[in-house]
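Subject: A structure for you to look at

Hello,

I am passing on the structure we talked about, and I would be glad if you could take a look. Please open it first; my notes on what was found follow below.

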Amino acid sequence: MKTRIASTFLLFIFLMSTTAFAVIPEPVPASKAVSRSVAKFIQKELQYPEYAIADKFEGTVVVDLVIQDDGTFDVQAANCVDDEMRKHVIASIEKLESTEYVAYAGQRVLIKVSFDLLLY
């Protein structure tokens, strides 16, 4: 009886561990044309934050995002020297929506968003 319980328990653990380590499909990298198009769209739509203008802060935010089925963007990661700027860019990008990119759903895009006071 103890052997049956032990083997059932081991089988249960084995089945649970195989589902826990199941491979989740990674998003496919977008083509260069799609990446450039998304970068231009986002750069055009983002507003330079007022606090950054007042502080004369310039910088670049590197963003890793995935295009969603509805044309929105899901930011996977972002990196910037200024944490407020990073949060501003993430919030702004996740609010954007474009039906132009629905055809590219599931694709990963890596972009650089630059903030330069001379441009504003």
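A good place to begin is a pair of strands: β2 and β3 run antiparallel and are joined by six bridges. Within this pairing, Val62 stands opposite Asn79 of β3. The two strands make a hairpin with five residues between them, and Gly71, in the turn, has a positive phi of about 90 degrees. Please keep in mind that this is a predicted model.

**The whole chain**

Stepping back, you will find four helices and four strands in the chain. Their order along the sequence is α-β-α-α-β-β-α-β. The radius of gyration is 22 Å, well over the 14 Å that the globule rule gives for 120 residues, so the chain is more spread out than a compact globule. Along the principal axes, the C-alpha atoms fill a box of roughly 80 × 35 × 20 Å.

Of the 120 residues, 30% are buried. The chain exposes about 8400 Å², and carbon and sulfur atoms supply 60% of that area. Among contacts with a separation of 6 or more, 75% are between residues 24 or more positions apart.

**The nonpolar core**

The largest nonpolar core has 26 residues. Val38, Ile42, Val63, Leu65, Phe73 and Ile93 are the ones with the most contacts inside it. At least two core residues come from each of α2 (32-45), β2 (59-67), β3 (73-79), α4 (83-95) and β4 (107-115).

Ile42 is a handy residue to click on. Setting aside neighbours within four places in sequence, Ile42 is in contact with Leu65, Ile93, Leu96, Ile111 and Val113.

Next, try Val89, which is found in helix α4. Is Val89 buried or exposed? With a relative accessibility of 0%, Val89 counts as buried. Not counting residues up to four places away in sequence, Val89 touches Leu46, Val61, Val63 and Phe115. One of these partners, Val61, is 28 residues from Val89 in sequence, while the C-alpha atoms of the two are 7.6 Å apart in space.

**Aromatic pairs**

The structure holds four aromatic pairs. In one of them, Tyr48 and Phe115 meet edge-to-face, at 5.2 Å centre to centre and with 70 degrees between the planes. Tyr48 lies in the loop between α2 and α3 (50-54) and Phe115 in strand β4, so this pair ties together parts that are 67 residues apart in sequence. Tyr48 counts as buried at 5% relative accessibility, and Phe115 is buried too, with a relative accessible area of 2%. Phe115 is also one of the residues that Val89 touches.

Elsewhere, ring pairs link Phe41, Phe73 and Tyr101 into a cluster. Phe73 has already come up as one of the residues with the most contacts inside the core.

**A loop residue to finish**

Last, have a look at Ser98, in the loop between α4 and β4. Ser98 counts as buried, because its relative accessibility of 10% is under the 20% cut-off. Which residues does Ser98 touch, leaving out those up to four places away in sequence? They are Phe41 and Gly71. Phe41 belongs to the ring cluster, and Gly71 is the turn residue of the β2-β3 hairpin with the positive phi, which brings us back to where we began.

Enjoy exploring, and do write if anything is unclear.

Best wishes

How values were computed:
Residues numbered from 1 in each chain as written. Predicted model: local features only at pLDDT ≥ 70, side-chain atom pairs only at ≥ 80, totals over all residues. Heavy atoms only, no water. Core = buried A, V, L, I, M, F, W, Y, C linked by side-chain atoms within 4.5 Å. Buried < 20%, exposed > 50% of the residue type's maximum accessible area, 1.4 Å probe, protein only. Contact = heavy atoms within 4.5 Å. Pairing = 2+ DSSP bridges. Rg over C-alpha atoms; globule rule 2.2 N^0.38 Å. Areas by Shrake-Rupley, 256 points an atom, 1.4 Å probe, with all protein chains shown as cover. Phe/Tyr/Trp six-rings, centres within 6.5 Å; stacked < 30°, edge-to-face > 60°.
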